[in-house]
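Got the viewer open? Keep the selection box handy and let's go stop by stop.

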Amino acid sequence: MTTIAFIGLGNMGIGMASNLAKSRYDVRAFDLSAEAVANAIKAGCVAAADLADAVGTADAVISMLPAGKHVKAVYQGDDGVFALAKSGALLIDCSTIDVSEAREVIRAAKDAGFDMLDAPVSGGVGGAEAGTLTFMCGGSKDAFQRARPYLDAMGKNVFHAGEAGNGQVAKVCNNMLLGIHMIGTCEAFNLAEKLGLDAQTFFDISSTASGQNWSMTSYCPAPGPVPSAPSNRDYRAGFAAAMMLKDLRLAKAAAEQAEASTPLGQHAEEIYTQMEASGHADLDFSAVMKLLKGTLQ
Ligand code: NAD
């Protein structure tokens with residue numbers, strides 16, 4: 001049986017590891033949080049005592065960690081995955097991290113003799129649980145082909161975006177665009193309401209006209225038109241504003257490095273920083289609507 005070490009069983013990782021276990025992989029789970037490991041056991045994984053125990057016999061190592069510093073801590077150093085994994089193991093980091101950090105870690109993997117992919121995801125906790133994530137992968141074609149069976153067990157759409165780091169490029173560019181069109185959609189619905197046009201009527205018109213976009217039709221920030229949207233449950237996350245802010249900061253850093261002009265991306269980052277300062281970054285990212293209305297308190 002193929003053995004997979006899964007590192008980081010938080011909100012996203014637990015659903016992903018559970019789907020691997022359901023696909024009859026032998027999943028060895030490691031997390032610094034005892035609660036996360038207990039959840040993984042319930043989901044059909046085997047608890048690893050430490051990182052060495054998790055990765056020592058694994059054919060593939062998959063990680064889902066908060067940020068670049070955690071990814072570096074897990075992979076690099078004398079007690080990291082590069083030192084502990086068996087020869088030929090495939091390494092897949094699904095965390096959302098800085099493009100340059102992803103490229104640096106994958107370069108270090110290559111130097112240590114491992115194939116590694118960056119494979120950040122879109123689809124949120126619901127997609128992780130349902131096994132319908134979108135994976136955006138950077139790395140060699142060979143590594144991508146080897147990773148496919150594992151990624152297919154956790155996702156619905158699996159893309160090879162090109163060389164190392166390009167998965168992160170796709171992820172931050174997509175989420176920068178998402179942040180921008182969510183804010184624009186909030187502004188349009190708020191203005192329409194202030195001018196006397198109700199949300200449902202504006203939705204019916206704009207969703208079939210040129211203002212149509214995903215934030216409107218799948219995730220409408222005004223309560224009513226899209227029943228499943230967080231706006232109908234007082235903006236309880238969903239995709240927390242804090243996560244959007246993280247991704248916008250990564251986009252800003254990447255834009256600075258690439259000397260690319262992203263004025264709207266920067267402005268979106270400032271607006272989500274305001275949400276954070278208001279103490280409501282735990283709300284869904286569509287709660288920018290409340291910020292515009294002045295009802296965040
Ligand atoms: P999370 O904080 O819920 O989970 C991260 C887990 O990693 C925690 O359980 C933590 O204990 C563990 N961890 C941290 N350092 C570790 C270490 N050194 N060794 C072992 N375990 C360690 O985060 P999440 O919401 O699951 O997000 C994970 C990644 O996925 C992030 O990079 C995030 O940006 C990305 N992402 C999240 C979402 C979402 O909706 N939550 C959507 C898309 C992408």
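What follows is a short walk around the ligand, a cavity and a pocket.

Before clicking, note that this is a predicted model, where local features need pLDDT of at least 70, side-chain atom pairs count only at pLDDT 80 or more, and totals for chains, interfaces and linings use all residues. Residues are numbered from 1 along each chain as its sequence is written, and side-chain values use heavy atoms, with hydrogens and water left out.

**Stop 1: the ligand**

Select the ligand and its shell, taking residues with a heavy atom within 4 Å of it. You should have 22 residues, the closest being Asn-11, Met-12, Asp-31, Leu-65 and Lys-246. Now show the backbone and look for polar contacts (pairs of N or O atoms within 3.5 Å). A ligand oxygen sits 2.8 Å from a polar backbone atom of Met-12, and a polar backbone atom of Leu-65 is 2.8 Å from a ligand oxygen as well. For Asn-11, the distance from a polar backbone atom to a ligand oxygen is 2.9 Å. Taken alone, the ligand exposes 840 Å², and the protein buries 85% of that (Shrake-Rupley areas, 1.4 Å probe).

Color the shell by class: 11 nonpolar, 8 polar and 3 charged residues, with Gly counted as polar. Then color by domain, using bounds from an automatic or database assignment: domain 1 (3-162) and domain 2 (169-293) each give at least three shell residues. Helices H4 (68-75) and H12 (241-258) each supply at least two; helices here are DSSP runs of H or I, at least four residues, and strands are runs of E, at least two.

**Stop 2: the cavity**

Which residues line the largest cavity? Select Val-71, Asp-93, Ile-97, Ala-102, Val-105, Ile-106, Met-116, Asp-118 and Gln-168. A cavity is a set of points on a 1 Å grid over the protein atoms alone where a 1.4 Å probe fits but cannot get out, and lining residues have an atom within 4 Å of a point. The volume is about 30 Å³, as the space filled by probe spheres set on the points. Helix H6 (99-111) provides the largest share of this lining, 3 residues.

**Stop 3: the second largest pocket**

A pocket is an open set of points with protein on both sides within 12 Å along at least five of seven lines. This one holds about 200 Å³. Its lining includes Arg-103, Arg-107, Lys-110 and Asp-115, and by class it has 6 nonpolar, 2 polar and 4 charged residues. H6 again gives the largest share, 5 residues.

Conventions
A polar contact is a pair of N or O atoms within 3.5 Å; within protein, one must be able to donate a hydrogen and the other to accept it, and residues adjacent in sequence count only if both atoms are side-chain atoms.
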